[in-house]
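Student: I would like to work through this structure step by step, from its strands to its ligand site. May we proceed by question and answer?

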Amino acid sequence: MISQTLREARKYEEVSEKLIEPEMRPEFHLSPRVGWMNDPNGFSFYNGEYHLFYQYHPYDCHWGSMHWGHAVSKDLLHWTYLPAALAPDAPCDRGGCFSGSALTLPDGRQLLMYTGVIRKPQQNGELCELQTQCLAVGDGVDYEKYEGNPVLDERDLPEGASRFDFRDPKLWQAKDGTYRCVAGNCRTDGSGQILLFESEDAFHWRFKKVLLANDGRFGRMWECPDCFPLDGKQVILTSPKDMLAQGFEYPNGDGTLCLIGSYDEETDSFTEESNQSVDYGIDFYAPQTFLTPDGRRVMIGWMQNWSTCGQHRPTEEQRWFGQMSIPRELSIRNGRLYQKPIRELERMRRNEVRYDNVIVEGTVQLDGITGRKVDLEVEAEPEDAQRVYRKFAVRFARNERYQTSVSFRPYECVLKLDRKFSGSRKAILHQRRSKVPAPDGRIKLRLILDRFSVEIFVNDVEQVMSATIYTEQCADGIAFFADGRVRMNVVKYDLV
Ligand code: FRU
């Protein structure tokens, strides 16, 4: 049975999406069918297709009463919208259906686990959000909420765990066929932690242990945890709120954290070996991963950030806000997380334009190298290895008025993304810097542009910087700049 609330949302999105011109959206990055989008949810492969759900408020371009939007794809790049999957229509989730994940049950149905939010008045009269974990089961289009909801609530929490910050369950099936899930939580003292739960049948859950505690190291509340094996290691991803900046590694505010270590299956214990940011740009949060049928661990994130998204007032005509990152294939090399744009993207490459051994000194523009939906690969090195250049930059989304740039200064080993001149009228964060240890000035950059964003993959995908841009589409110039002399190879494809 579909509730009135969900039926209305479905009707609304079907009518309103027609008011959005396809050219006014990203081409291959998923944006909401209409209205607002935040976190990716339920990223999965089900019945021969990739499914991606998302935090969704169809009725306007701001965060509001959370639904789950839904889209499917054959290649993770071309998405078809399906009707909204969940609406806040049950006693356990009237305050919103927050983030969660998906898996396929042995009987072939798809299971969604999400956070149900209800608002309860406290003794002092204030309204507080109570968060519990809930289930819905469906066929890939329609989902029925489980009559036993919630399946995890405050009674399942260990001592000192907040029932107000308890959300974002990420499910998986263990090797022995039983189920696990991790959820983000805050202790009553404000420090984030990840809780591990287990179940025999994916419907009856019990608390197992605190998998990892923040102990004040990385921000406060930890949102959207994920936990998976990769290349012989165990990876834990989470998105901490209220971070203190640490060097060039972690920014203030909302961050993304990747912990790499080992896992003892007997005791469900994680031992950390290293930590790093997931993305070094401005807009990336709440990533979620899944395993494709051909064995790739693929991650997608919300290409936005909470500190600045409230500042961008989308115009009345725009009718949508928020987009996903490009899906990224993960691997571990030299103890670090590597992220490569999904290989299916290469099938969208058209109109190759290539230049080898171009000498750049000052500003250089090259015939045929323009565009706002492009895949651009650049290799730069000093023309004379004894005389390393001072700065090298790629400037794009460019005309007389605008440009966005990525620049590298080998003496400082600092790569900088700058979107000051990208159509934003607000004094928000416009720059991020990252350490790239290449004092010899040899650097490789791959830029993926899709109308309203750039993702920069550095040195064979060792680091990524993502940012949204608001520059008008006619600003499609690309130029190269060097202070000093740089030898450069460049190849550009249109993404069609
Ligand atoms: C992360 C988050 C989640 C929550 C959702 C609500 O961006 O705050 O923790 O489930 O967004 O929309």
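Tutor: Certainly; please keep in mind that the model is predicted.

Student: How many of the 12 residues of strand E1 are buried?

Tutor: Strand E1 spans residues 35-46 and is mostly covered. A residue counts as buried when its relative accessible area is under 20%. By that criterion, the number of buried residues in E1 is 11.

Student: Which residue of strand E2 is the bridge partner of Phe 45?

Tutor: E1 pairs with strand E2 (residues 49-57) in the antiparallel sense, over 7 bridges. The two strands form a hairpin with 2 residues between them, and there Asn 47 takes a positive phi near 50°. Within E2, the partner of Phe 45 is Tyr 50.

Student: Which residue of strand E19 is the bridge partner of Trp 36?

Tutor: E1 is also joined to strand E19 (residues 320-321), by 2 bridges, and these strands run parallel. In E19, Trp 36 is partnered by Phe 321.

Student: Which strands stand at the edges of the open sheet E9-E10-E11-E12?

Tutor: This open sheet has 4 strands with antiparallel pairing, in the order E9-E10-E11-E12. An edge strand here has a single partner strand, so one of its sides is left without a neighbour in the sheet. The strands in that position are E9 (161-173) and E12 (205-213).

Student: What is the average twist from one strand to the next in the sheet E9-E10-E11-E12?

Tutor: The order E9-E10-E11-E12 describes an open sheet. From one strand to the next, its twist averages 25°.

Student: Which residue of E12 does Glu 198 stand opposite?

Tutor: Strand E11 (residues 192-199) is joined to E12 by 7 bridges, and the two run antiparallel. Opposite Glu 198 in E12 stands Arg 206.

Student: Why is strand E13 described as largely enclosed by the rest of the structure, and which residue of E14 is the bridge partner of Phe 228?

Tutor: Strand E13 (residues 222-230) is largely enclosed because 8 of its 9 residues are buried. E13 pairs with strand E14 (residues 233-240) in the antiparallel sense over 7 bridges. They form a hairpin with 2 residues between them, where Asp 231 in the turn has a positive phi of about 50°. In E14, the bridge partner of Phe 228 is Val 235.

Student: By how many degrees are neighbouring strands of the sheet E17-E18-E20-E21 turned against each other on average?

Tutor: The sheet is open, with 4 strands in the order E17-E18-E20-E21 and antiparallel pairing. E17 (285-291) and E21 (336-341) stand at its edges, each with a single partner strand, so one side of each has no neighbour in the sheet. With direction ignored, neighbouring strands are turned against each other by an average of 40°.

Student: Which residue of E18 is the bridge partner of Gln 288?

Tutor: E17 and strand E18 (residues 297-302) run antiparallel and are joined by 5 bridges. In E18, the partner of Gln 288 is Ile 300.

Student: Which strand gives the most residues to the largest nonpolar core?

Tutor: This core has 39 residues, of which Phe 392, Val 394, Phe 480 and Met 488 touch the most other members. With 6 residues, the strand that gives the most to the core is E31 (residues 477-495).

Student: Which residues of the stretch 477-495 does Phe 392 touch?

Tutor: The contacts of Phe 392 include Val 378, Ala 380, Val 406, Ser 407 and Phe 408. Strand E31 covers residues 477-495. Within that stretch, Phe 392 touches Phe 480, Phe 481, Ala 482, Val 486 and Met 488.

Student: With which side chain does the side chain of Asp 93 make a polar contact?

Tutor: Asp 93 lies in the loop between strand E4 (79-86) and strand E5 (97-104). It is buried, with a relative accessible area of 0%. Among the residues that Asp 93 touches are Ala 87, Pro 88, Gly 116 and Lys 145. The polar contact of its side chain, at 2.7 Å, is with Tyr 114.

Student: How far from an oxygen atom of the ligand does a polar side-chain atom of Asp 39 lie?

Tutor: The residues around the ligand include Asn 38, Asp 39, Ser 99, Arg 167 and Trp 306. A backbone N or O atom of Ser 99 lies 3.1 Å from a ligand oxygen atom, and a polar side-chain atom of Arg 167 lies 2.8 Å from a ligand oxygen atom. For the polar side-chain atom of Asp 39, the distance to an oxygen atom of the ligand is 2.7 Å.

Terms used
Residues numbered from 1 in each chain as written. Predicted model: local features only at pLDDT ≥ 70, side-chain atom pairs only at ≥ 80, totals over all residues. Heavy atoms only, no water. Buried < 20%, exposed > 50% of the residue type's maximum accessible area, 1.4 Å probe, protein only. Pairing = 2+ DSSP bridges. Axes fitted to C-alpha atoms, helices over the stretch in contact; angles between N-to-C directions. Core = buried A, V, L, I, M, F, W, Y, C linked by side-chain atoms within 4.5 Å. Contact = heavy atoms within 4.5 Å. Near = heavy atom within 4 Å. Polar contact = N/O pair within 3.5 Å; in protein donor to acceptor, adjacent residues only side chain to side chain. Lists of a residue's contacts leave out its neighbours within four places in sequence.
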